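Colleague: I'm still finding my way around structures like this one. Could you take me through a single part of it, slowly?

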Amino acid sequence: MRNSLRWKIFGNIVLAVFIIFMVNRIIAQRLTPAAVRSSIKEYIASSVEACKDVAENRDRFLGCALQNSEDVIYGGLARHYILCLPEGSFSTEQSTICNQIRGVTSDDTAELVSASVEISEHKVNGEIWFVANLKSNPAGLMVATRQFDIDNYVYSLWNLRAQVVTFTAPFIIICLLILTWYCSSLIMAPIRQIEEALKKLSSKNLDQPIDIVPVYKEFDNFIAVFELLRIRLNESFVQARRFAGDASHELKTPLTILRGNAERVIARLPTGSEEQIRMRSVADEVERLIEITEKLLLLSSADANIIQHDMKEVSISNVIGQLVLDSQIFQSKLNITSELQQKIFWNCDQNLINQLFYNLYTNAVKYNIEDGWIKIKLVKTDHGFEFAISNPTTNLPDDLAKKAFDRFYRGDSSRTRDIDGLGLGLSLAQEIARVHGSELIMEVSTENIVTLRLSYPANVV
Amino acid sequence: MKILLIEDEIKIAEFTILGLTSAGFKVTHVSNGAAGLAAMLEGGFDLVILDVMLPALNGFEVLEKARELGSKIPVIFLTAKGELPNRLKGFEMGGDDYISKPFFVEELVARLKAIKARKNNDDPDEIVVGEVCLKKVSNRVAWQGTSTLLSQREFSLVEFLMRSPGHIYSRQEILKHVWAISFNPETNVVDVYIQRIRKKLNRNQPEGIEFPIETIRGVGYRFCSESKVSS
């Protein structure tokens, strides 16, 4: 499966966010303990500073410390304070610790953390205690906090943080998803614009400028480049188109001369002589060349969108009726049946649609089977009509329906050597159909029956 | 009937002159527009065949000038551009007919004759060649004292051949002109029709007298201006 741009962007953003979280966590855990410790010291000092006046009463002191630290993240740490007063502590257990701390001298010199509070580290029974005391009276009030409790407290804070992240993760992912979709839609908007313009662009309207004002100015260049491409494409297209038209035009004069002279010679040669017969076949080949030239000219004007037509209301029931009558005389070996609704009119160029229907008919004859049949059908539809001509055939190439309308395509090459034709008929028929706002398609059934279907108006896709 | 041919392509002019002369017209050829205009104004011609793509003055300009200067001579345009706008332009300018290259000299002859007939106030619905008379409105052929009704296609075929008596048309050409189909539908329909026409017309005739459509084996058919009496 191919990648979707949106999912790719989304995946990358999610990955980036995850990496940011992880890096943040690692940095926080590895690099911040010292900073955490010093800020904890500051907190302890500040709570001692604030509550030193109520230190005689342990409950009031703790209450004060907790109250003082309502908005501070380390606020909960106050619960782990041990308050040592010179007259003894709250419980015997705490008094023991207080005495032990007092009995041990600090490893390093005490550090003055706030205006009047200094904190020192004491090692008692293998545990480190942070001890805050007033600088003015080191032997007086003392607040001790075990490092183990501090670490535990910090650890629980980390856990809390991790929990918060876990809980908010789905929400964050949804936000990212929406963000990705929104951003990619923004980016895609001008691309969609160009896509729409490209969709409308075909060989028939290559000469019209692409009329897009991009949503964002960043895309101006892109559109300009695209417009340049169209201009270049149009130029070479016009050139190629003009070439076919010009070549056909140029061929007309020599062909006229050739045919004119051939006809004169035929008239002068002894009647029924071998020379006359040979000359006749030369003239017939010239006729064929003229026919090819005319078809190419018509096709090239179809490409250039300059097919000349003279639209009139024509009874196609009659046109096809005549075709059926003619064909029944033309092909005595084929069983030609028809089902025609009368009084169907079409605003069309009589000359062109004659070519169209006769081309379809000739196609049905050329690629028929021996003693085969042709079915011709004309029915009214809601807004127009549908014409269909079917015939059985053999040696169907798999890609027939796709290639049948290609110029100079003549079906299976091993078979068509003995079929007279140019392979221009169907592509010409399709162009004529297009000029008239109708649609010509080929259907191939599994029973080797080929149907050419002309519908007017064209089914708008 | 004197014809002025204004055509710059010498080779086209050559066979056109040949064809027109053999059809009994007198042709004067001029190969550029200015000289053509001068000749037109000089007078003495019954009809002008005018190429559109000419050096010096193009065909439309020649006609425009000629009409401005009071010439009313009938004009047939001849051009490689068979497309509609040109055709309409040709008529707008006062051209009487329009024939596109590549053209058959025989077709040109037929158009000339039609214009001539119009001018002479001949019945445009009748074509007479030798003893055969075609009546367009009724689709009837009068020949050897009898009148025979033909179907539309049969009639068109006889008419087509009769427009250029003596000229041999191939089956393909007949198909193109009578059935208006420019491809080979692998059919012998022309032969079938010729047989039918002969059968219909020869039916009431004495043995040996045959309708003058002749088969040229391997080449095609032609209309003879005189009835053939087979020996």
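Modeller: Sure, let's look at a pair of helices in chain B and then at what surrounds them. Keep in mind that this is a predicted model.

Start with helix α6 of chain B, residues 152–163, and helix α8 of chain B, residues 189–202: their axes come within 10 Å and cross at roughly 90°. Angles from 65 to 115 degrees count as roughly perpendicular, so α6(B) is roughly perpendicular to α8(B). Who does the touching? On the α6(B) side you'll find Arg153(B), Glu154(B), Leu157(B) and Val158(B), and they meet Tyr193(B), Arg196(B) and Ile197(B) of α8(B). Sorted by class, the residues of this contact are four nonpolar and three charged, with no polar ones.

Now hang on to Val158(B), as it turns up again in the largest nonpolar core. That core has 115 residues, and Val158(B) is among those with the most contacts inside it, along with Phe357(A), Ile6(B), Val48(B) and Leu50(B). Helix α9 of chain A, residues 350–366, gives the core its largest share, nine residues. To see one of these core residues close up, pick Val48(B): beyond its neighbours within four places in sequence, Val48(B) is in contact with Leu4(B), Ile6(B), Met40(B), Ile73(B) and Val75(B).

Finally, here's how the chains meet. Chain A puts 34 residues into the contact and chain B puts in 36. On the side of chain A that touches chain B, α6(A) brings the largest share, 13 residues. That side of chain A is made up of eleven nonpolar, twelve polar and eleven charged residues.

Key:
Residues are numbered from 1 along each chain as its sequence is written. Chains are lettered from A and ligands numbered from 1 in the order in which they are written. This is a predicted model: local features need pLDDT of at least 70, side-chain atom pairs count only at pLDDT 80 or more; totals for chains, interfaces and linings use all residues. A nonpolar core is a set of buried Ala, Val, Leu, Ile, Met, Phe, Trp, Tyr and Cys residues joined through C-beta atoms within 7 Å. A residue is buried if 20 or more other C-beta atoms lie within 10 Å of its own, exposed if 12 or fewer, and partly exposed in between; C-beta atoms are placed from the backbone. Helices (H or I, at least four residues) and strands (E, at least two) are DSSP runs, numbered from the N terminus. Two residues are in contact if their C-beta atoms, placed from the backbone, lie within 7 Å. Ala, Val, Leu, Ile, Met, Phe, Trp, Tyr, Cys and Pro count as nonpolar, Asp, Glu, Lys and Arg as charged, and the others, Gly among them, as polar. Axes are lines fitted to C-alpha atoms, for helices over the stretch in contact, and angles run from 0 to 180 degrees between N-to-C directions. Angles under 35 degrees count as roughly parallel, over 145 as roughly antiparallel, 65 to 115 as roughly perpendicular and the rest as oblique.
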